[in-house]
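Work through these exercises with the sequence and the model side by side. Try each task before reading its solution.

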Amino acid sequence: MMKDKNKEFWQVINMMDFNGRGYQAAGRWLVEDSGLTFNEIKEIRNMATRKVNVLYKKFINDVRIGSDDGFSDVTWQTVANGFQSFHSCTAESLTEMYDENRYTESFAYAFYIVDEIEEEQFAANQFLKRERAMKRIEEMRRFGGGFDQKLIAAFEHADNNNKRKLAIGFPELFEHLVN
């Protein structure tokens, strides 16, 4: 990202074109076409959330919007509308946006794809750790000493409760192999 994160943030928000594309295409653009790294994408999501929180804290007591969902939608819409909208909004303009139905499904949904990627990344990392542990155990089974081989045999024959106990005692070997 450029040095001026705030300026870069508003440029990315503008290029996501939530109002033109909708939340799914805006989220896909962010992940697939923005050219940002995954850490930069997470920072955009986090900055958007912080901007929404600023609006929430600033206007929660002054807006006349009947539901928390509605207030959330108009604050996210205000961020999606860009720099000018964010910096010039008032409690009255947020209330009007709500009353006149000038908002769409929450811009927050555009960032769900980031959560999905994080979950996929976590699952892939867990899989790799499990594979490395299995490879290490196989090497110990083949080349390890008597203690290593007996320990592995005990793990393989243990019930789930005892497998967890072995994982606590020997986390380097078994922690990725138990739930």
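**Exercise 1. Find the three residues that are linked in a network of salt bridges, then describe the pair Arg141 and Glu156.**

Step 1. The network links Glu138, Arg141 and Glu156. A salt bridge here is a side-chain nitrogen of Lys or Arg within 4 Å of a carboxyl oxygen of Asp or Glu. This is a predicted model: local features need pLDDT of at least 70, side-chain atom pairs count only at pLDDT 80 or more, and totals for chains, interfaces and linings use all residues. Residues are numbered from 1 along each chain as its sequence is written, and side-chain values use heavy atoms, with hydrogens and water left out.

Step 2. Take Arg141 and Glu156. Their closest N and O atoms are 1.7 Å apart. This pair links distant parts of the chain: Arg141 sits in helix α8 and Glu156 in helix α9, 15 residues apart. Helices are DSSP runs (H or I, at least four residues), numbered from the N terminus.

Step 3. Check accessibility. Buried means under 20% relative accessible area, exposed over 50%, and partly exposed in between (1.4 Å probe, protein chains only). Arg141 has 32% relative accessibility, so it counts as partly exposed. Glu156 is partly exposed too, because its relative accessible area is 43%.

**Exercise 2. How many salt bridges does a search of the whole structure find? Describe the pairs Glu43 with Arg50 and Glu100 with Arg102.**

Step 1. The search finds four.

Step 2. Glu43 and Arg50 meet through their side chains at 2.9 Å, N to O. Glu43 has a relative accessible area of 22%, so it is partly exposed. Arg50 is at 42% and is partly exposed.

Step 3. Glu100 bridges to Arg102, with 2.8 Å between the closest N and O atoms. Glu100 is partly exposed at 47%. Arg102 is partly exposed at 41%.

**Exercise 3. Which residues line the largest pocket, and which classes do they belong to?**

Step 1. Fix the term. On a 1 Å grid over the protein atoms alone, a pocket is an open set of points where a 1.4 Å probe fits, with protein on both sides within 12 Å along at least five of seven lines; lining residues have an atom within 4 Å of a point.

Step 2. List the lining: Arg130, Met134, Ile137, Glu138, Arg141, Ile152, Phe155, Glu156, Lys163 and Leu177. Glu138, Arg141 and Glu156 are the residues of the salt-bridge network.

Step 3. Assign the helices. α8 (112-143) and α9 (146-157) each supply at least two lining residues. α8 gives the most, with five.

Step 4. Sort by class. The lining has five nonpolar, no polar and five charged residues. Ala, Val, Leu, Ile, Met, Phe, Trp, Tyr, Cys and Pro count as nonpolar; Asp, Glu, Lys and Arg as charged; the others, Gly among them, as polar.

**Exercise 4. Which residues have the most contacts inside the largest nonpolar core, and which element gives the most to this core?**

Step 1. A nonpolar core is a set of buried Ala, Val, Leu, Ile, Met, Phe, Trp, Tyr and Cys residues joined through side-chain atoms within 4.5 Å.

Step 2. The largest core has 37 residues; Met16, Leu30, Val79, Phe107 and Phe111 have the most contacts inside it. α4 gives the most to this core, with eight residues.

Step 3. Turn to Met16. Beyond its neighbours within four places in sequence, its contacts (heavy atoms within 4.5 Å) include Leu30, Phe107 and Phe111.

Step 4. A second, separate core has twelve residues, among them Leu151, Phe155, Leu166 and Phe174. Phe155 also lines the largest pocket.
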